[in-house]
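Hi,

Here's the structure I promised to pass along. Have a look at it first, and my notes follow underneath.

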Number of protein chains: 2
Amino acid sequence: MAHPHLDKVKEYLLDLQDRLCDGLAAEEGDTAFREDSWTREAGGGGRSRVIENGEVFEKGGVNFSHVFGERLPASASAARPELAGRSFHAVGVSWVLHPRNPHVPTAHGNVRFFIAEKEGAEPVWWFGGGFDLTPFYPVFEDVVHWHRVAQETCAPFGDDVYPRFKRWCDEYFTLHHRDETRGVGGLFFDDLNEWEFERCFAFQRAVGDAFLEAYVPIVRRRQATEYGERERDFQAFRRGRYVEFNLVWDRGTLFGLQSGGRTESILMSMPPLAQWQYCWTPEPGSPEARLADEFLTPREWLEEAEA
Amino acid sequence: MAHPHLDKVKEYLLDLQDRLCDGLAAEEGDTAFREDSWTREAGGGGRSRVIENGEVFEKGGVNFSHVFGERLPASASAARPELAGRSFHAVGVSWVLHPRNPHVPTAHGNVRFFIAEKEGAEPVWWFGGGFDLTPFYPVFEDVVHWHRVAQETCAPFGDDVYPRFKRWCDEYFTLHHRDETRGVGGLFFDDLNEWEFERCFAFQRAVGDAFLEAYVPIVRRRQATEYGERERDFQAFRRGRYVEFNLVWDRGTLFGLQSGGRTESILMSMPPLAQWQYCWTPEPGSPEARLADEFLTPREWLEEAEA
């Protein structure tokens with residue numbers, strides 16, 4: 001069966017992967033992304049691009065994949081578990097950046113598109129995606145910048161889009177066993193097919209295209225801030241929380257592992273180094289305590305900035 | 001309702017926790033276990049004992065808990081999901097040791113007992129438990145010693161017990177997304193109520209009591225082996241796999257998080273430090289390559305030792 005929608009989305013995603021890698025590599029010194037192409041036995045494959053031991057990015061990846069198969073895993077759709085078991089195509093680009101400097105936040109983004117098909121039924125398609133920021137030593141103006149770009153990205157699609165997808169992001173990126181968010185959020189959407197295809201696709205492109213504008217200025221602002229062992233320690237501790245979220249709660253990771261995705265590409269999201277200490281909590285009033293105390297519960301950043 | 005079975009098991013478990021901590025602390029220098037008692041809002045509580053930054057044990061914990069509630073989580077029983085939703089009691093001791101020296105294997109063990117009740121139905125009880133070993137630089141004779149203790153522990157309960165629970169351990173402690181076992185196995189059993197209560201309880205005690213005999217001789221043998229940065233690096237890399245198993249595949253961790261257990265006690269199983277590198281594989285023929293090549297697929301250690 002021909003999939004004109006799929007072909008268009010795929011073309012956009014491959015180009016997005018190129019542009020993201022170029023934009024991020026431009027912040028680096030000599031370290032480049034390395035590329036691995038892979039195929040999946042059950043159908044499809046991908047193009048992974050990973051950077052390690054860079055001056056700016058200690059570890060990061062920008063991965064494209066197109067997988068298809070006979071049975072859609074349940075984790076693929078939040079809202080419509082009844083689609084599980086249909087034949088499917090899934091295309092997406094996912095990216096994670098783990099900067100070396102603890103003053104530069106970790107960032108993650110993803111845009112994806114699904115088609116689920118069944119004999120005698122209309123094909124069902126939907127988009128998902130978003131981007132979210134995970135600072136260690138958060139700076140209020142950075143968070144406001146991040147959310148302002150998110151809001152401007154959503155504005156042409158309706159006034160309710162930013163608040164809805166901002167709230168969804170806060171809810172999705174929650175460590176329920178810790179009662180804290182992973183970071184300061186951003187945008188998250190899934191099962192998006194409430195508009196016609198062209199409008200949904202335009203929204204996905206807007207989200208993908210906005211990432212560098214949201215992230216790179218923050219990287220540049222914080223990259224020169226000095227740090228020492230204390231900050232690196234705290235970064236490793238918080239990266240442990242990142243691992244907990246990704247492996248326990250992230251439906252995307254689960255989908256990848258359930259659908260026989262390529263493990264090394266899925267788990268390139270893991271930080272280079274993480275640590276766990278029993279019952280460790282930062283000293284009250286310290287910069288480390290400020291993170292959870294002030295930044296890891298949902299806030300209306302843009303309203304606060306205007307107040 | 002009175003629970004004479006529960007009271008007896010609980011008494012044993014509290015004593016086991018004491019003996020395990022004493023036996024392990026005896027291998028340490030001056031570092032002692034610290035104790036935290038906690039209560040659980042929905043019913044029950046526990047007594048966690050954790051050691052950190054010891055000379056021998058970089059991190060470790062021996063945790064007792066007794067939780068009860070109105071609705072048994074599905075993850076509590078492998079074989080009988082129909083019991084989910086009954087009121088329940090769960091008591092257990094879990095322990096994990098992360099030694100500092102990469103030549104000393106990581107070890108884990110657990111013994112647990114459940115009662116699930118429903119108006120108008122017989123209470124259902126069962127035992128679970130086992131112990132498993134996760135070396136970094138495995139030594140064949142250590143693995144044989146470990147499994148010999150396991151076999152001797154099982155022997156009084158029937159000739160088929162060791163082979164069954166040894167195989168179950170290999171199956172349970174598998175990282176399916178890596179197609180490798182977590183380590184060299186040991187014993188694992190769940191839903192055990194095929195014998196009368198006293199015999200099941202005796203088996204649980206035999207397993208709990210055997211751990212120090214299985215583990216301490218290995219600690220003593222390998223504790224003095226020299227190591228450097230290379231071995232510590234590989235240890236941190238393999239500890240990443242330990243994290244992956246515990247957070248993605250371990251039903252015990254899932255049960256703890258689903259049943260509103262105490263997060264810090266459940267996740268004391270996390271290693272102190274873990275690292276992830278994209279597509280890293282050890283040099284062929286190196287001691288690091290030997291681990292996965294020779295030790296992370298199920299083997300009949302005792303038959304090989306006798307051959």
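The main thing in chain A is an open sheet of 7 strands, ordered E1-E2-E3-E4-E5-E6-E9 with antiparallel pairing. (Two strands pair if DSSP finds at least two bridges between them; strands are DSSP E runs of at least two residues, helices are H or I runs of at least four, both numbered from the N terminus.) Strand E1 (34-39) and strand E9 (185-192) of chain A sit at the edges, each pairing on one side only. On average, neighbouring strands here are turned by 5° against each other, direction ignored.

Before you dig in: this is a predicted model, where local features need pLDDT of at least 70, side-chain atom pairs count only at pLDDT 80 or more, and totals for chains, interfaces and linings use all residues. Residues are numbered from 1 along each chain as its sequence is written, chains are lettered from A and ligands numbered from 1 in the order written, and side-chain values use heavy atoms, without hydrogens and water.

Back to the E9 edge: strand E6 (residues 121-134) of chain A is joined to antiparallel E9(A) by 6 bridges. A:Gly129, for instance, has A:Phe189 in E9(A) as its bridge partner.

Two helices of chain A pack on the sheet. Helix H2 (residues 140-154) touches strand E5 (106-118), E6 and E9, at about 30° to E9(A). Helix H3 (residues 161-172) touches E6 and E9, at about 100° to E9(A). (Contact means heavy atoms within 4.5 Å; axes are lines fitted to C-alpha atoms, for helices over the stretch in contact, with angles from 0 to 180 degrees between N-to-C directions.)

As for chain B, a turn of 180° and a shift of 0.0 Å along the axis lays it on chain A with an RMSD of 0.0 Å (least squares on C-alpha atoms of residues with pLDDT of at least 70 in both). That is the relation of a two-fold axis. The copies meet through the same surface, because 100% of chain B's interface residues are also interface residues in chain A.

Cheers
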